[in-house]
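Work through these exercises with the structure in view. Each task is followed by a solution in steps.

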Amino acid sequence: MNTRLITAALDAAERGWHVFPLRPRDKRPALHGETACTGTGDCAAGHRKWEQRATTAPDRIRKAWSAGAFNVGIATGPSGLVVVDLDPVKAKDPKGTPDGVTSLQALCERAGQTVPATYRTRTASGGHHLYFTAPDGVRLGNSAGKLGTHIDTRAHGGYVVAAGSTLPNGTYEVVDPTEPVPLPEWLYASLTPRQVSRGLTVTPAPVRASRYAAAALRAETAAVAGAGEGVRNWTLVRAARALGRFIPSGDLARHEVEQALNSAGLRAGLRENECRAAVTSALNWSIANNHGRPA
Ligand SMILES: [Zn+2]
């Protein structure tokens with residue numbers, strides 16, 4: 001009765017994916033946590049968590065899965081995978097919230113790309129997992145909502161439930177058995193915003209900014225980054241007009257406002273050229289209309 005799960009684990013391992021047992025009919029790891037560690041066996045030289053204990057070795061897999069009907073976890077980091085996790089809409093979501101599949105479709109359209117064809121599974125809850133091989137020489141972690149509504153990604157520090165595993169609400173199934181293709185460059189770029197912009201968005205610290213101007217910059221960029229599809233253009237223009245008045249007074253530098261807003265606009269899902277055009281014209285408007293007035 002356990003053959004299906006052993007086979008699922010061995011199949012994944014054969015593809016080079018590092019697997020570990022999850023609790024039966026559950027998606028939590030079956031391996032003990034650090035607080036329950038007895039310091040024996042695999043942990044003789046110190047506790048090793050699931051990411052380190054995940055394996056491709058068939059004998060270890062047969063041994064582990066002979067002990068119970070464990071679901072199969074794939075540790076994405078050691079497997080060299082980046083998995084894009086498209087979640088279904090949840091009951092508590094406001095009406096009109098897109099599901100992950102719809103969000104990815106929109107993201108692809110904005111990038112002028114088609115949805116990549118790659119190894120794909122359908123999750124127990126009706127979501128989708130798209131498997132990609134991770135780019136060389138960089139270490140991607142997990143992300144939540146960074147690419148869009150109901151889109152998460154799993155890489156180092158993360159895992160996914162493999163095809164063949166079963167939860168009370170359904171079974172994980174392969175819907176596209178193709179080998180995973182490399183993570184597209186444009187998706188990688190969306191996951192790794194440029195250093196300079198990210199620094200400004202997280203902790204804007206313009207040299208000459210008054211505390212008030214700095215707080216406004218933080219608030220406006222956060223509003224833009226979090227704006228939904230219907231209002232993000234408008235939010236960006238409003239933010240640029242609000243921040244523009246700090247530029248003639250020297251409290252904020254124009255290039256700093258531009259970088260912070262462009263970066264926030266990209267995070268909200270706008271195209272780069274759309275952001276630049278909107279920010280430039282709104283700042284010009286603001287500076288012309290606020291020149292000489294105290295902020
Ligand atoms: Zn341990």
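**Exercise 1.** Find the residues in contact with L261, leaving aside its neighbours within four places in sequence.

*Solution.* The model is predicted.
- Step 1: Start with T221 and V224, both in contact with L261.
- Step 2: Add L236, A239, A240 and L243.
- Step 3: Finish with V279.

**Exercise 2.** Place L261 in its nonpolar core, and say which elements build that core.

*Solution.*
- Step 1: L261 belongs to the largest nonpolar core, which has 23 residues. With L236, L243, L252 and V257, L261 is among those with the most contacts inside this core.
- Step 2: Four helices give two or more residues to the core: α7 (211-225), α8 (232-244), α9 (254-267) and α10 (272-290).
- Step 3: The most comes from α10, with six residues.
- Step 4: Another core, of 20 residues, lies apart from this one. Its members include A12, A13, V72 and Y119.

**Exercise 3.** Classify the ring pair of W17 and Y119, then that of W17 and Y131.

*Solution.*
- Step 1: The model has six aromatic pairs.
- Step 2: For W17 and Y119, the ring centres are 5.1 Å apart and the planes stand at 70°. Planes over 60 degrees apart count as edge-to-face, so this pair is edge-to-face.
- Step 3: Locate both residues. W17 is in the loop between α1 (3-14) and β1 (19-22), and Y119 is in the loop between α4 (100-110) and β4 (120-122). They are 102 residues apart.
- Step 4: For W17 and Y131, the centres are 5.1 Å apart and the planes stand at 35°, so the pair is tilted. Y131 lies in strand β5 (residues 128-133), 114 residues from W17.
- Step 5: Ring pairs link W17, Y119 and Y131 into a cluster.

**Exercise 4.** Are W17, Y119 and Y131 buried or exposed?

*Solution.*
- Step 1: Buried means under 20% relative accessible area.
- Step 2: W17 has 4%, so W17 is buried.
- Step 3: Y119 has 5%, so Y119 is buried.
- Step 4: Y131 has 0%, so Y131 is buried.

**Exercise 5.** Which residues coordinate the zinc ion, and what is the geometry of the site?

*Solution.*
- Step 1: The donors are H32 (NE2), C37 (SG), C43 (SG) and H47 (ND1), at 2.0 to 2.3 Å.
- Step 2: Along the chain they follow the spacing H-x4-C-x5-C-x3-H.
- Step 3: The angles among the four donor atoms are 103 to 116°, and the site is tetrahedral.
- Step 4: H32, at 30% relative accessibility, counts as partly exposed. C37, at 23%, also counts as partly exposed.

Terms used:
Residues are numbered from 1 along each chain as its sequence is written. This is a predicted model: local features need pLDDT of at least 70, side-chain atom pairs count only at pLDDT 80 or more; totals for chains, interfaces and linings use all residues. Side-chain values use heavy atoms; hydrogens and water are left out. A nonpolar core is a set of buried Ala, Val, Leu, Ile, Met, Phe, Trp, Tyr and Cys residues joined through side-chain atoms within 4.5 Å. Buried means under 20% relative accessible area, exposed over 50%, partly exposed in between (1.4 Å probe, protein chains only). Contact means heavy atoms within 4.5 Å. Donors are N, O and S atoms within 2.8 Å of the metal (3.2 Å for Na, K and Ca); water is not among the atoms, so sites may look incomplete. Four donors count as tetrahedral if all angles lie between 85 and 135 degrees; four count as square planar and six as octahedral if opposite donors are over 155 degrees apart and all others between 65 and 115; anything else is irregular. Rings of Phe, Tyr and Trp (its six-membered ring) pair if their centres lie within 6.5 Å; planes under 30 degrees apart count as stacked, over 60 as edge-to-face and the rest as tilted.
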